[in-house]
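User: I'm new to this one and would like a close look at a single part, then a walk outwards from there. Could you keep it relaxed and take me through it step by step?

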Number of protein chains: 6
Amino acid sequence: MSLAVDLSSKWLLVSEPAPHVLHIELARNPVNAFSSEFWRAYGALFDRIASEGRDVRAAVLSSAIPKLFTAGIDLGDAAKITTGGLSGSGPSDGARSSLSLLRDIKDFQHAIGAPERCSFPVIVALHGLVLGLGVDIAAACDVRYAADSTQFSIKEVDIGLAADVGTLAYLPKITGNHSLVREFAYSTAMFSATDAKDMGLVSRVIPGGREEVIGAALKLAGVIAGKSPIAVSGTKRVLLHSRDHTVADNLEYTAAWNSAALQTQDIPETLAAAKGRRAAKFAPLRSDAKSKL
Amino acid sequence: MSLAVDLSSKWLLVSEPAPHVLHIELARNPVNAFSSEFWRAYGALFDRIASEGRDVRAAVLSSAIPKLFTAGIDLGDAAKITTGGLSGSGPSDGARSSLSLLRDIKDFQHAIGAPERCSFPVIVALHGLVLGLGVDIAAACDVRYAADSTQFSIKEVDIGLAADVGTLAYLPKITGNHSLVREFAYSTAMFSATDAKDMGLVSRVIPGGREEVIGAALKLAGVIAGKSPIAVSGTKRVLLHSRDHTVADNLEYTAAWNSAALQTQDIPETLAAAKGRRAAKFAPLRSDAKSKL
Amino acid sequence: MSLAVDLSSKWLLVSEPAPHVLHIELARNPVNAFSSEFWRAYGALFDRIASEGRDVRAAVLSSAIPKLFTAGIDLGDAAKITTGGLSGSGPSDGARSSLSLLRDIKDFQHAIGAPERCSFPVIVALHGLVLGLGVDIAAACDVRYAADSTQFSIKEVDIGLAADVGTLAYLPKITGNHSLVREFAYSTAMFSATDAKDMGLVSRVIPGGREEVIGAALKLAGVIAGKSPIAVSGTKRVLLHSRDHTVADNLEYTAAWNSAALQTQDIPETLAAAKGRRAAKFAPLRSDAKSKL
Amino acid sequence: MSLAVDLSSKWLLVSEPAPHVLHIELARNPVNAFSSEFWRAYGALFDRIASEGRDVRAAVLSSAIPKLFTAGIDLGDAAKITTGGLSGSGPSDGARSSLSLLRDIKDFQHAIGAPERCSFPVIVALHGLVLGLGVDIAAACDVRYAADSTQFSIKEVDIGLAADVGTLAYLPKITGNHSLVREFAYSTAMFSATDAKDMGLVSRVIPGGREEVIGAALKLAGVIAGKSPIAVSGTKRVLLHSRDHTVADNLEYTAAWNSAALQTQDIPETLAAAKGRRAAKFAPLRSDAKSKL
Amino acid sequence: MSLAVDLSSKWLLVSEPAPHVLHIELARNPVNAFSSEFWRAYGALFDRIASEGRDVRAAVLSSAIPKLFTAGIDLGDAAKITTGGLSGSGPSDGARSSLSLLRDIKDFQHAIGAPERCSFPVIVALHGLVLGLGVDIAAACDVRYAADSTQFSIKEVDIGLAADVGTLAYLPKITGNHSLVREFAYSTAMFSATDAKDMGLVSRVIPGGREEVIGAALKLAGVIAGKSPIAVSGTKRVLLHSRDHTVADNLEYTAAWNSAALQTQDIPETLAAAKGRRAAKFAPLRSDAKSKL
Amino acid sequence: MSLAVDLSSKWLLVSEPAPHVLHIELARNPVNAFSSEFWRAYGALFDRIASEGRDVRAAVLSSAIPKLFTAGIDLGDAAKITTGGLSGSGPSDGARSSLSLLRDIKDFQHAIGAPERCSFPVIVALHGLVLGLGVDIAAACDVRYAADSTQFSIKEVDIGLAADVGTLAYLPKITGNHSLVREFAYSTAMFSATDAKDMGLVSRVIPGGREEVIGAALKLAGVIAGKSPIAVSGTKRVLLHSRDHTVADNLEYTAAWNSAALQTQDIPETLAAAKGRRAAKFAPLRSDAKSKL
């Protein structure tokens, strides 16, 4: 029985293509435009999975729409922004308008950053157009794969604003060419999957289209799902910490973390499995994990 | 009438090749050697542009000398350094000599970092030799383009010192290969435009020479100059912050920033212009901006 | 007379192939597996060199075993870990077990980080298999060269743990593609020298095998050994600081550092040597340096 | 009509003793022992007030129990901790137990830190015993008042653990005597209101008991509630930022913040009111604020 | 001949009451209200002294007006703020207004922070009213003395804004009671010199009034002026660094700094003077220091 | 049998006045002047205790000399400093002299910081003169007690240098009055035990002299030694982390730490002992701890 029964919603399709692997698809026709309702649902989905303790060990995020990943923010929402925030008719006082916008921006950031709050890796499989918010979404995932025809644009400047939900916070840290990041962020120029690979934004360019890139991402997810969840989730936590701290701080944190994590049965189990040439079997991370998935 | 009339000086040529685009050329024969007088003038030029609020929206920095960008620091100055600082005959007390040098180094750093203090992006177009200080200068710009025959060297070790005005502070952050950065910094080996691209130091390698790379840089500057200055300058500010802060800190800062910046007419103007298939028109960032440029 | 006489030990061969250049070879048959005795000896060797003030100006680290660099941690040690730490039979109290592990992890981190505490650059020449701890070791060196047949794996997840002695602390900072780093860290997939170059982990891929890559590394070491040790060691110190601090903090630190370092005879010496077209001659960094090397 | 109607719950009494002022009382007989149910309710109450946008401008937190503020954590919960976390029977794997505890600790920290997430100041009025968790709770409030007979103890060491929900994170930052903080944290010694004042933990010692200290706190709350909510909430946000950032970072953040906040009608309103010798009248921070309170 | 001849201006009186000691007096009748012209002059005065390298070794800042130190910002300026920034009629676009305000705030912060940029300590002698900006000004000085009748108020909330030029950035770091800082910042309550001493804001409360507190401050300045300027200026630099960095970072920075500073003749001179029971004589910090002062 | 048998050395007396309590006395006649040999022995003693895992649970540091704690650095050493470092005749090159000094300063800092590297609290009992290095030493301890006649001076400026082994790094963080810290650091003025208490430097002023303050410190040490060593050492680690990190960072680190530390038998043991009204009994932190002490 598929998990989609209770996790899927009108714009977010969820399935379980392999044991412990979740597939999440963006499905808001025609162009996966993100209204505030959509991005709130997006964040809530990941947070629900994280808090319910389902035994997910890897997830793939992709678009269900053949021609693109997403065209970005719903421009109807963008228009509302200048008339005082998303949450109502809006106050007329300049400072109160700013506060109202601030709350919306922080909610928006929190929703798009949800994959970081999951204990398992999230692999995003990109194809077609990845515009504006699409780049923010991809940046907050762990691993990025792109079909060879993918076209990216850091589009926010074209609607008169600086990207504020992740692209500018993440890209200088997760890629290896500030010059290209700034060029694309200032100019909104389209860039190809190959440019993205050169810049260090994606792991690899997958020949083919939507199906091929999803296939490659699911294959990686399957490999990760076979590993010790203590080891994989610890690796994710330590890598996120490493991005934002000095080497010395990170080593100190990792030592504290591993001094507990090393007391796991997953280590003798992996060693025994390797010796016996069998697949290792691991308990879920949480004892309250639902039995299916 | 060209802006060069009042901004140009003996070693720095300034022109306005396109609306809101400034072109600054290094022109100290024969090799653009940077004496302290030259680097002080260099920093002062950018700071003057920034403080006067001219309506510049993008700038290109290049060399007016056909065979090179710069040979680096003027060795006459380097010689003076060991006899007690640039600012005079120098005290004989070791600690006072150090303090004198410290003031010179900080002035030097401040001058070379001037492009960061401009609200608009600065694109550097490199060709020929880019030695020593040339790398520091390029590192402090937003975007780097190199002609395919460009040759770089982090030359400082060859005169007995660690680079101290930017190269070592910026390169580990703005590129994607620490191993190469250290190799070139320790060995002073020449490296090519292609090496620079591989390392993540330049956006792209432009086939051809000085004219071609300047042409490409001006083209990018033209594109950027057509965008909302609120959006572009906000993007620059947020990217500079992002380089030096955690993701969480940067998102918090960006939210504060955008809660004000989103209250701009540039957003409805861009949306209206897109709808009407016309070019958007934006007010200058500052109401006291001079009418020409 | 070779320096190996007093520095070499059963698993660590040390020679002096060129003036001021040290060559350190890992030599624990059959697979350079790192027991705790081995990694303690490894750290102690570098710390001894650093503290004795020998006039080393560059070092090359490689494996003496033809088929690989290292298979990583000795699994006998890994097994001991789950029964209470390396330092004895281990206490049965969970918190005391954690504390015992914590001390071991911090000792381990300190040993693997030893190359950073040397005033000279350490170039690692990689070939064959570089598994698990091999990546941590390489990450803590200054420059990484790899033979074209090198195969890497961030292997720790396969024994049930998050890498905790350097790989996850360094890789997000010293390379240029977080997506690849995470992909390889979660999946333990083998990756090639070319992947490593694409990711920004190695300076260059050397055609050939063990001998060729060691040859290339020694050549670079020789170049560096000919430079001013004040300049090279200052560059190393400033680059390490730069990795973990903001641009502003690093410029401030560098200014303080150079205000002393510029008062060196190496600057007039390099200038005079360049003028006289002769090799510069530099004093050792420490007056108590042993005469041979 | 009192707001207690919908905000109060079995252990948390909420009233509105003055316009825009909320009074929250801890009321779990006999000793305000914090079970996990209680601290979850505590955090949820503040988060609900914050998210609903009620027009609260200051709050007072106190105990409804005559003889004490709180005896700290419910020891029934503490006992459960060693058998595997609060959220169930608990897994037997050491690492999974740690992860389960980690989630509980982070939830606990989040709940106790809730007053920081309110836009208005929270003043805690302390009397009687303030043990263990009582200090963590007080530390996360904005202002601390203590009746002269108050007795404090950083009690956690007496149940075998380091305080982990705020005391050790806050006290070194919000007080002025590390020596006293450590002495009390290591020894669990009782300390008086006067000691607390000497250490910098409380604003002032109020002669009298529970009623007097609540009276003084409500008086302060009343004064604050009469000020511009834009100014007060901005001050709180900037002070929280200041605690954790450098002076330079804080000035930069504050400038970004105030460049929006200064565009408020509260400034001309305060100036006009001062001129007209009348009380200023301010709009709520949020236009969706409920009309009552 | 007094230095006041060339440094004094209409609202800033400068004299040299003792060798190497500067006395700066705020003198804008009737209440030392700070218009933007006044605070720009204030910052420029300190920056001029710092950059000219006069041989100042300590300075005292006080008010020339008998009844107060300062009433704070000039309300005429505050009124202009809400109509678009200090620098002109102001743009009507919300984002451009914010940018204009941002520039003004940063200029304001830079001016008030000027005493930090001097190599010598600045002692502020406070008396009478110290309102609003007066607290920001005092916070940026090195040492604070207050006459016993001094009355303080963090007044900014009373004109509808969060203090943004120093008070909120400095106070949580330089004092020892966050509870009091927040209480006074939210409530704008007047507090006494004794409160200020209790909170850790001032060194000591001087019995008497304006003359007594200035006398005490000048006496301290005289003591400091007799010490090695290398030692005092190094101490200031290291203390400023310490405030904003970790212990480890500060020790590293201090070691770099002192490795140069210890090579000073001031050390043998102090030792010789102590031996010979005579006053030590020190060279100016800068060889280009003007002969007088 | 006293532990002094093997730990005491010529200038450092070590005894075990109570179970698990160590008493360390500075005993270099006539004035506890710290030569480099002395401070190296001081640091080595603490590091030896820490690394050997003796079951120490609290230590008291004091002076064995009736009239003072210490007169500070041995001026013979200070004199050597200006002629090229402690480690030899010294090189004549300015930069190499600086490097030599740098190594000495860092060794010095490391030695004085040794109490921080112990898992147990160190209480310093001060009396008589506490000059120069005495303040650095006290600052690196956990808790400071002073006899009422104690006299302090941050004396370094009087020999021409900025304090560089701890005073300036610690004092702004561990006390609550920057104004006083700077005043005393610039002026070298003597300050009393009461001043020290006002500033937040000492926990309390003990009426009486050397014996009384040692008695009070030993009493506190005895109390601490009766507590769970898991809880006390964890509290120390978390407090040291807290001093140098943000609240959010510290809470994250503490959660990781306690998720392991809570799995200790000390918690049920303390609860059972409290119930049974008996003293709790705890295992040593390390299973390899020597049986005596």
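Where is the place of Asp55(D)?

Analyst: Quick note before we start: this is a predicted model. Asp55(D) sits in a loop of chain D, the one between helix H2 (36–52) and strand E3 (58–63). As for its surroundings, Asp55(D) has 19 other C-beta atoms within 10 Å and is partly exposed. A residue needs 20 or more such neighbours to be called buried. Now look along the chain: Pro229(D) is 174 residues apart from Asp55(D), yet their C-alpha atoms are separated by 9.2 Å.

Let's move to chain A and its domains. Chain A splits into domain 1 (4–225) and domain 2 (229–275). Measuring from C-alpha centre to C-alpha centre, the two domains of chain A lie 27 Å apart. Where they touch, domain 1 of chain A brings 8 residues and domain 2 of chain A brings 6 residues. On the domain 1 side of that contact you'd find 3 nonpolar, 1 polar and 4 charged residues.

Next, a few local spots to set beside the loop. In chain B, Ile137(B) belongs to helix H5 (residues 133–139). Ile137(B) counts as buried, because 29 other C-beta atoms lie within 10 Å. For a sense of distance, take Asp107(B), which is 30 residues apart from Ile137(B) along the chain: their C-alpha atoms are separated by 14 Å.

Over in chain C, helix H7 (residues 178–187) has 10 of its 10 residues buried, so this helix is largely enclosed by the rest of the structure. Among the buried residues of H7(C) are His178(C), Arg182(C), Glu183(C) and Phe184(C). Just after H7(C) comes Thr188(C), which takes a positive phi of about 60°.

Chain F is a good place to look at strands. An open sheet there has 6 strands in the order E1-E2-E3-E5-E7-E10, and the pairing is mixed. At the edges are strand E1 (12–18) and strand E10 (204–206) of chain F, each pairing on one side only. Ignoring direction, neighbouring strands in this sheet are turned by 25° against each other on average. Zoom in on one pair: strand E5 (residues 122–126) and strand E7 (residues 143–147) of chain F run parallel and are joined by 4 bridges. One residue to find there is Ala125(F), whose bridge partner in E7(F) is Tyr145(F).

Now step back to how the chains fit together. Two copies of a chain are related by a rotation about an axis and a shift along it.

Start with chains A and F. Chain A can be laid on chain F by a turn of 180° and a shift of 0.0 Å along the axis, with an RMSD of 0.0 Å. That is the relation of a two-fold axis. Within chain A, Ala260(A) has the C-alpha nearest the axis, 2.5 Å from it. Both copies use the same surface, as 100% of the contact residues of chain A recur in chain F. In that contact, 5 residues of chain A meet 5 residues of chain F. The side of chain A that touches chain F has 4 nonpolar residues, 1 polar residue and no charged ones.

Chains B and A are another story. Here a turn of 120° and a shift of 0.0 Å along the axis lay chain B on chain A, with an RMSD of 0.0 Å. The two copies are therefore related as by a three-fold rotation axis. The C-alpha of chain B nearest the axis is that of Gly176(B), 2.1 Å from it. Only 11% of the interface residues of chain B are also interface residues in chain A, so these copies meet through different surfaces.

As for what goes into that contact, chain B gives 45 residues and chain A gives 40 residues. Elements of chain B that each supply at least two residues to its side include strand E7 (143–147), helix H9 (210–225) and helix H10 (229–244). The largest share of that side of chain B comes from H11(B), with 10 residues. Sorted by class, the side of chain B that touches chain A holds 22 nonpolar, 17 polar and 6 charged residues.

Definitions and conventions
Residues numbered from 1 in each chain as written. Chains lettered and ligands numbered in written order. Predicted model: local features only at pLDDT ≥ 70, side-chain atom pairs only at ≥ 80, totals over all residues. Least-squares fit on C-alpha atoms with pLDDT ≥ 70 in both. Contact = placed C-beta atoms within 7 Å. Pairing = 2+ DSSP bridges. Axes fitted to C-alpha atoms, helices over the stretch in contact; angles between N-to-C directions. Nonpolar A, V, L, I, M, F, W, Y, C, P; charged D, E, K, R; others polar. Buried ≥ 20, exposed ≤ 12 C-beta atoms within 10 Å, placed from the backbone. Domains from an automatic or database assignment.
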